[in-house]
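The following exercises ask the reader to work through a protein structure step by step. Please study the sequence and the structure before attempting each solution.

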Amino acid sequence: MPANLLRCVNCRTMLNDELELESVEIPPYEPLKEIESCLDAKPRGYYVGCPHCHKRLRINAQYLGKRLNCRKCSKTFTLTLSDPKIKNLGFYLDCPSCEERLKVAQKYAGQMVKCKFCSSMLQFID
């Protein structure tokens, strides 16, 4: 917009003789991009396959690194997610926004996804 642009108070006609209406360029409207907020979500527990009977077990995260008994076959094992004998099937957590329980497949670890209950953006972290 040029400096010292003068208009009539009543009819809004331009009073600057050297300016014409077409000489003033109005920039095109560009909406601002929305910034999506993302909440960090930490697993409360894991779904793993027993290394002995391969049955699916739901185990709280507080038992990581500890010796456990399988509820199905009663054999003991140490819960470490890096152990190739223990198949990590997924994890569960409570949404930090709506506090609903979510069951999450392992393929979504480290990704941003929407909560199916409140549509908040979540990023799963370990």
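**Exercise 1: The largest pocket**

In this predicted model, β7 contributes the most to the lining of the largest pocket, with 4 residues.

Task. Determine which strands each supply at least two residues of the lining, and describe the lining by class.

Solution.
- Step 1. Each of β7 (101-105), β8 and β9 supplies at least two residues of the lining of the largest pocket.
- Step 2. The lining is made up of Arg101, Leu102, Lys103, Val104, Tyr108, Val113, Lys114, Cys115, Lys116, Leu122 and Phe124.
- Step 3. Sorted by class, the lining has 7 nonpolar residues, 4 charged residues and no polar ones.
- Step 4. The space in this pocket amounts to about 170 Å³.

**Exercise 2: The sheet of 3 strands**

Task. State the order of the strands in the open sheet of 3 strands and identify its edge strands.

Solution.
- Step 1. The order is β1-β9-β8, and the pairing is mixed.
- Step 2. The edge strands are β1 (39-41) and β8 (112-114), since each of them pairs on one side only.
- Step 3. From one strand to the next, the twist averages 40°.
- Step 4. Strands β1 and β9 (residues 121-124) run parallel and are joined by 3 bridges.
- Step 5. Ala41 has Phe124 in β9 standing opposite. Phe124 also belongs to the lining of the largest pocket.

**Exercise 3: The sheet of 4 strands**

Task. Give the strand order of the open sheet of 4 strands, and explain why one side of each edge strand is left without a neighbour in the sheet.

Solution.
- Step 1. The strands follow the order β3-β2-β6-β7, with antiparallel pairing.
- Step 2. The edges are formed by β3 (56-60) and β7; each has a single partner strand, so one side of each has no neighbour in the sheet.
- Step 3. On average, and with direction ignored, neighbouring strands of this sheet are turned by 25° against each other.
- Step 4. Strand β6 (residues 87-94) and β7 run antiparallel, joined by 5 bridges.
- Step 5. Phe91 stands opposite Val104 in β7. Val104 is also one of the residues that line the largest pocket.

**Exercise 4: The salt bridges**

Task. How many salt bridges does the structure hold, and which residues do they join into one network?

Solution.
- Step 1. The structure holds 2 salt bridges.
- Step 2. One of them brings together the side chains of Asp94 and Arg44, at 2.6 Å from N to O. This pair links distant parts of the chain, 50 residues apart: Asp94 lies in strand β6, whereas Arg44 lies in the loop between β1 and β2 (45-49).
- Step 3. A salt bridge also forms between the side chains of Arg101 and Asp94, at 2.8 Å from N to O.
- Step 4. Salt bridges with shared partners thus join Arg44, Asp94 and Arg101 into one network.

Task. Decide whether Asp94 is buried, partly exposed or exposed, and do likewise for Arg44 and Arg101.

Solution.
- Step 1. Buried means under 20% relative accessible area and exposed means over 50%, with partly exposed in between.
- Step 2. Asp94 has a relative accessible area of 26%, so Asp94 is partly exposed.
- Step 3. Arg44, at 38% relative accessibility, counts as partly exposed.
- Step 4. Arg101, at 34% relative accessibility, counts as partly exposed.

Key: Residues are numbered from 1 along each chain as its sequence is written. This is a predicted model: local features need pLDDT of at least 70, side-chain atom pairs count only at pLDDT 80 or more; totals for chains, interfaces and linings use all residues. Side-chain values use heavy atoms; hydrogens and water are left out. Two strands pair if DSSP finds at least two bridges between them. Axes are lines fitted to C-alpha atoms, for helices over the stretch in contact, and angles run from 0 to 180 degrees between N-to-C directions. On a 1 Å grid over the protein atoms alone, a cavity is a set of points where a 1.4 Å probe fits but cannot get out, and a pocket is an open set with protein on both sides within 12 Å along at least five of seven lines; lining residues have an atom within 4 Å of a point. Grid points are joined across faces, edges and corners, and a volume is the space filled by probe spheres set on the points. Ala, Val, Leu, Ile, Met, Phe, Trp, Tyr, Cys and Pro count as nonpolar, Asp, Glu, Lys and Arg as charged, and the others, Gly among them, as polar. A salt bridge is a side-chain nitrogen of Lys or Arg within 4 Å of a carboxyl oxygen of Asp or Glu. Buried means under 20% relative accessible area, exposed over 50%, partly exposed in between (1.4 Å probe, protein chains only).
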